[in-house]
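Here are my notes for a first look through this one. Have the sequence and the model open as you read.

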Amino acid sequence: MNDFQPKLALGPILYYWPLDTILDFYERMAETPVDIIYLGETVCSKRKLLRTQDWLTLAEKLAQTGKEVVLSTLTLLEADSELKTLRRLCEQKDFLVEANDMAAVHLLEGSAFVTGPSVNIYNSRTLKRLADFGLRRWVLPIELSRDTLADMQANRPDGVETEVFVYGRLPLAYSARCFTARAHNLPKDDCQYRCLDYPDGLTLSSQDNKPFLTLNGIQTQSARSCNLLNALPEMKKMGVDILRISPQSKHTEKVINIFHRGLEEPESVTEGMKRLQALMPMGACDGYWYGRAGMEAEVKDRI
Amino acid sequence: MELVCPAGNLPSLKAAVDNGANAVYMGFRDDTNARHFAGLNFTIAKMEQGIRYAHERNARVFLAINTYPQPNGFLRWQQAVDNAAELGVDALIVADIGVLDYACERHPDLARHLSVQASATNYEAINFYHEHFGIRRVVLPRVLSLSQVKHVVENSPVAIEVFGFGSLCVMVEGRCLLSSYATGDSPNTFGACSPASAVEWRETPQGLETHLGGVLIDIRGEGESAGYPTLCKGRFNVGKETYYAIEEPTSLNTIEMLPELKAAGISAIKIEGRQRSPSYIAQVARVWRAALDASEQNPNSYKPEASWLSELSKVSEGTQTTLGAYHRPWQ
């Protein structure tokens with residue numbers, strides 16, 4: 001067990017960045033110690049600076065650098081055009097696919113697939129049933145705690161890997177409505193791609209000016225970044241296979257390196273926690289992991 | 001189209017049935033359902049009475065077991081399914097795959113509806129639940145436009161139920177964690193959004209502040225009515241503006257669209273509001289019964305009566321109503 005070392009994964013980019021920024025970002029990510037890279041648009045089908053074929057080309061390029069590439073799919077599927085894109089991704093056989101909706105699970109049945117954090121796997125019976133359909137890896141839903149994970153791990157089906165979202169702003173909700181467009185008094189149909197102006201989303205604060213949420217098009221995220229660096233030792237003990245880091249516009253390499261070092265040298269975690277403080281746009285939270293309100297911070301030090 | 005009304009307790013159930021509901025839906029008094037509020041819902045004994053009352057008057061009874069159990073609570077959900085079967089409800093309304101799987105295995109003949117909390121917004125997702133868990137009906141999330149709803153109906157192997165009236169979730173149901181982010185409890189895990197125990201009001205010189213989980217979610221000035229403080233219906237700062245950044249406190253009302261919903265192939269209209277009073281349920285059921293009857297009789301000349309609209313707007317949250325996602329600009 002001492003030799004067991006979780007892998008590091010880079011989640012899909014949740015924001016809308018300019019084309020060159022995305023390509024440059026992944027060129028740099030290829031140089032980092034992440035083992036797995038999730039690629040694709042999971043939030044809004046209007047974000048088309050990279051088309052499906054472009055994502056596939058990028059996937060091939062990254063795979064050649066030795067990274068495991070997984071194709072992530074859209075979370076909220078409404079239009080037929082969105083199902084069409086989904087089918088194309090699910091039909092290709094070169095890369096594993098991350099399902100973020102039951103539609104994708106349905107299309108992927110019978111072959112190996114991954115479920116992302118928005119697929120509701122809250123208990124062992126659900127995990128087992130999806131494993132029967134081909135589930136090979138699941139991401140723990142965002143709001144579940146370490147206690148629930150421990151129970152799930154105890155009854156985990158053979159051949160299923162567990163991934164935990166350990167760093168980044170938490171994806172909390174999805175809507176048919178676009179809140180970024182709304183903030184600019186624009187209809188969603190004519191959003192003018194305002195998401196491009198907010199590489200880390202648009203901050204929503206309470207009226208006493210405390211950052212609370214982040215508007216990212218149709219997705220709502222936490223304002224604080226989830227940071228579970230100091231939970232790495234217990235995750236190792238629990239047999240968590242993969243740790244997911246969610247991209248942000250700046251410092252993603254530094255974040256990856258801190259987590260990588262945290263795995264290699266557990267004593268570096270204290271210093272790593274300090275360094276991460278400076279890299280998070282609005283501070284940290286870790287409440288969900290400890291079974292508390294998600295926005296709570298530094299729960300470990302208080303329990 | 002069937003009129004499906006909420007029943008938070010026995011008096012509400014009777015009010016719904018007496019005023020023309022074709023079916024009522026309800027839940028047990030715990031976190032196995034998505035309206036887990038203090039003082040609401042049914043004990044087994046009350047449920048027996050309610051089912052008898054409804055069945056004697058040709059109304060059907062659906063039971064919502066539509067939250068997501070975690071391993072340490074799973075037995076409670078199993079027990080709820082067994083109790084529902086024993087009681088003889090007409091259908092279960094379920095979201096979780098584990099619970100669906102259990103119900104299929106133990107009570108294969110008990111009809112299963114897919115809850116709105118399962119977030120099935122497209123026909124591929126519906127096909128998944130139909131093929132593997134034999135669902136007979138699905139309740140659509142309140143995020144689809146009318147043309148999207150039509151498209152789902154055309155490609156769906158099962159009957160489709162949509163929300164017609166009541167509180168409006170702007171987020172896809174079953175995938176919204178805003179409440180647990182602020183309070184620790186969400187509809188998925190606890191069966192309530194923005195739970196009352198996490199709400200705190202403070203009188204200040206600026207107005208009445210509402211805090212949820214310690215977060216200031218709104219300040220109401222004099223004369224502004226204060227509805228239930230749901231997190232997504234608060235006023236926040238974005239950029240330099242303070243406004244309803246996510247959603248205004250409005251209610252969904254699709255009464256003017258009944259002929260279109262019928263033409264789209266919708267099987268049932270659901271009224272939200274198990275937490276509302278029996279008199280509210282009676283009033284809303286009565287108006288919707290009249291509207292459904294009128295729209296069935298004369299779909300081409302159907303127009304909602306002014307008196308229905310004023311009755312409904314009187315009881316609506318925020319006293320404003322919207323067509324929600326059915327109305328394209330809303331999206």
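**Notes on the two chains**

1. Starting with chain B, there are eleven helices and 15 strands. Helices (H or I, at least four residues) and strands (E, at least two) are DSSP runs, numbered from the N terminus. Keep in mind that this is a predicted model, where local features need pLDDT of at least 70, side-chain atom pairs count only at pLDDT 80 or more, and totals for chains, interfaces and linings use all residues. Residues are numbered from 1 along each chain as its sequence is written, chains are lettered from A and ligands numbered from 1 in the order in which they are written, and side-chain values use heavy atoms, leaving out hydrogens and water.

2. How does the spread of chain B look? Its radius of gyration is 19 Å, which agrees with the value near 20 Å for a compact globule of 331 residues. That radius is taken over C-alpha atoms, and the globule rule is 2.2 Å times the number of residues to the power 0.38. The C-alpha atoms of chain B fill a box of roughly 60 × 55 × 40 Å along the principal axes.

3. The domain assignment splits chain B into domain 1 (2–168 + 250–330) and domain 2 (178–243); such bounds come from an automatic or database domain assignment. Where they touch, 13 residues come from domain 1 of chain B and eight residues from domain 2 of chain B, with contact meaning heavy atoms within 4.5 Å. The centres of the two domains, over C-alpha atoms, are 26 Å apart.

4. A residue to click on is B:Leu252, in strand S13 (residues 251–253) of chain B. Is B:Leu252 buried or exposed? It counts as buried, because its relative accessibility is 2%; buried means under 20% relative accessible area, exposed over 50%, and partly exposed in between (1.4 Å probe, protein chains only). Its C-alpha atom is 5.6 Å from that of B:Leu168, although their positions lie 84 residues apart along the chain.

5. Of the 331 residues of chain B, 65% count as buried. In chain A, 63% of the 303 residues do.

6. Chain A has ten helices and twelve strands. Its radius of gyration is 18 Å, close to the 19 Å from the globule rule for 303 residues, so chain A is as compact as a globular protein of that length. The C-alpha atoms of chain A fill a box of roughly 50 × 50 × 35 Å along the principal axes.
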